[in-house]
Amino acid sequence: MCEDWIADFSDHIRKRFPSLENRIDDHKIAYLDGPGGYQVPERVLDAMRDYLKKSNANRHGRFKTSEETDALILEARRIFADFFNCSPEEVVFGANMTTMNFMLAQALRNKIKDGDKILITQLDHEGNRAPWEDLEDEGAVVEEIEIDREELTIDMEDFRDKLSEETKLLALTHASNAVGTIPEVGKMVDKAHSVGAYTVIDAVHYAAHFPIDVEDLETDFLLSSAYKYFGPHVGVMYAKEKVLDELNTLKVKPQKDSPPDKFETGTLNHEGIAGAIEAVRFIAEVGKEYSSLVDVESERSKRRKDIATGLNIFEKYERILTDKLVEGLSQIPEINLYRPPSHVRCTSTVSFTHELYSAEEIASYLGDRGIFVWDGDFYATRLVKVLGLQEKGGLVRVGVSPYNTLEEIERTIEALSDHGSMKEELD
Ligand SMILES: Cc1ncc(COP(=O)(O)O)c(C=O)c1O
């Protein structure tokens with residue numbers, strides 16, 4: 001019964017992704033590189049093409065294509081307002097998460113005084129560390145919250161010890177892109193606000209797997225990148241309106257001085273935004289089609305409910321594949337899994353090392369078989385160093401996405417269990 005559901009769902013989803021037809025040599029490609037960037041449904045490609053073909057123009061003109069572009073951006077803010085659970089004026093578009101976060105740090109510069117404390121974490125991607133470390137030039141003291149090495153997540157005791165009245169900002173990941181763990185973000189934001197600190201959440205990895213709710217989190221800022229959840233390369237940020245309103249952003253004089261426009265320097269990536277909203281519509285469409293599979297409490301709008309349902313269905317499906325993957329990898333004696341204990345929430349991202357071969361060797365070996373996985377530190381450089389894996393080439397990372405199949409998971413486990421081929425090719 002369970003298997004019936006999986007097969008139907010998988011077929012239905014996969015049909016919508018043209019890149020899944022690609023082959024390398026004689027192999028079908030297993031795209032297990034999702035945490036590095038998702039494959040894209042046909043409707044996203046169509047939306048980008050249609051925009052450039054039919055509505056391509058700059059904004060604020062007095063002619064049809066420009067008006068259509070204005071309408072597109074307006075609609076995009078509404079759709080992402082449902083995605084984040086915020087108001088449309090709190091949705092900001094940009095190049096990518098890293099660039100937007102550097103811009104945010106620049107905008108917060110004059111709110112940070114000599115001796116103010118900024119808390120970053122060992123779990124975070126460099127994109128949510130480097131922009132804040134740069135503020136040391138302003139006299140800020142940047143401190144790092146450590147991880148609990150057993151649980152592969154934030155050490156909450158260390159967080160409580162380091163948070164103080166001097167803390168002016170907390171930069172924290174919603175989920176680790178290297179090991180998948182999900183820290184207690186809501187609790188940490190609450191505590192940071194209780195001492196008057198700003199909070200910046202990196203939801204780039206989390207956004208593909210679970211619904212985001214900024215109203216519940218009450219964070220000041222939250223950043224995502226549409227290419228990690230079925231879209232093109234566009235950054236999308238939530239910025240609390242009254243907080244962004246007070247910041248001095250990098251802008252040209254004629255640019256509007258109110259949120260969200262004050263953060264959107266230069267011309268936006270209109271075709272990218274057209275693709276990004278189509279990615280969210282795709283998630284909502286799946287939510288609508290498979291609503292009987294999961295229970296989602298009533299939400300602020302039908303679209304938000306569909307988005308949350310779609311993401312919950314994806315997660316349900318990914319969980320089945322991930323359990324199979326973890327079970328299979330656990331049977332291979334040379335593999336050391338970097339997976340948190342079961343009581344710690346995590347995504348479908350599974351990382352490991354191999355006792356005989358480096359992460360690079362394993363990724364190349366799998367890549368030659370049409371199994372695409374990542375190796376290295378994925379810019380979670382600090383985490384990989386703290387885990388003592390930097391000299392060994394980091395981790396092998398297998399990301400399970402909704403368009404992957406049980407057969408691909410089996411193929412991966414088989415390839416990694418094939419000691420003969422590994423020895424022949426890698427020794
Ligand atoms: C958790 C996380 N944060 C930030 C980034 C950087 O995102 P972008 O490529 O949009 O700058 C990534 C990209 O891999 C990521 O996985």
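## Ligand site and residue F9

An oxygen atom of the ligand lies 3.4 Å from an N or O atom in the side chain of N177. The model is predicted. N177 is not alone at the site: M97 and K228 also place polar atoms by ligand oxygen, M97 through its backbone and K228 through its side chain. The table sets out these three residues.

| Residue | Protein atom | Distance to a ligand oxygen atom |
|---|---|---|
| M97 | polar backbone atom | 2.9 Å |
| N177 | side-chain N or O atom | 3.4 Å |
| K228 | polar side-chain atom | 2.6 Å |

On its own, the ligand has 390 Å² of accessible area, and the protein covers 90% of that. The ligand sits in the largest pocket.

Which residues surround the ligand? N96, M97 and T98 do, along with H125 and N177. D202, V204 and H205 also belong to the surroundings. S225, Y227 and K228 complete the list. By character, the shell around the ligand has six polar residues, three nonpolar and two charged.

Now to F9. This residue is found in helix α1, which spans residues 2-14. Is F9 buried or exposed? The relative accessibility of F9 is 0%, and the cut-off for buried is under 20%. F9 therefore counts as buried.

How far apart are the C-alpha atoms of F9 and E391? They are separated by 41 Å. Along the chain, F9 and E391 are 382 residues apart.

Definitions and conventions
Residues numbered from 1 in each chain as written. Predicted model: local features only at pLDDT ≥ 70, side-chain atom pairs only at ≥ 80, totals over all residues. Heavy atoms only, no water. Near = heavy atom within 4 Å. Polar contact = N/O pair within 3.5 Å; in protein donor to acceptor, adjacent residues only side chain to side chain. Areas by Shrake-Rupley, 256 points an atom, 1.4 Å probe, with all protein chains shown as cover. 1 Å grid on protein atoms, 1.4 Å probe; cavity = no way out; pocket = protein on both sides within 12 Å on 5 of 7 lines; lining within 4 Å. Sits in = over half its atoms within 2 Å of the grid points. Nonpolar A, V, L, I, M, F, W, Y, C, P; charged D, E, K, R; others polar. Helix = DSSP H or I, 4+ residues; strand = E, 2+ residues; numbered from the N terminus. Buried < 20%, exposed > 50% of the residue type's maximum accessible area, 1.4 Å probe, protein only.
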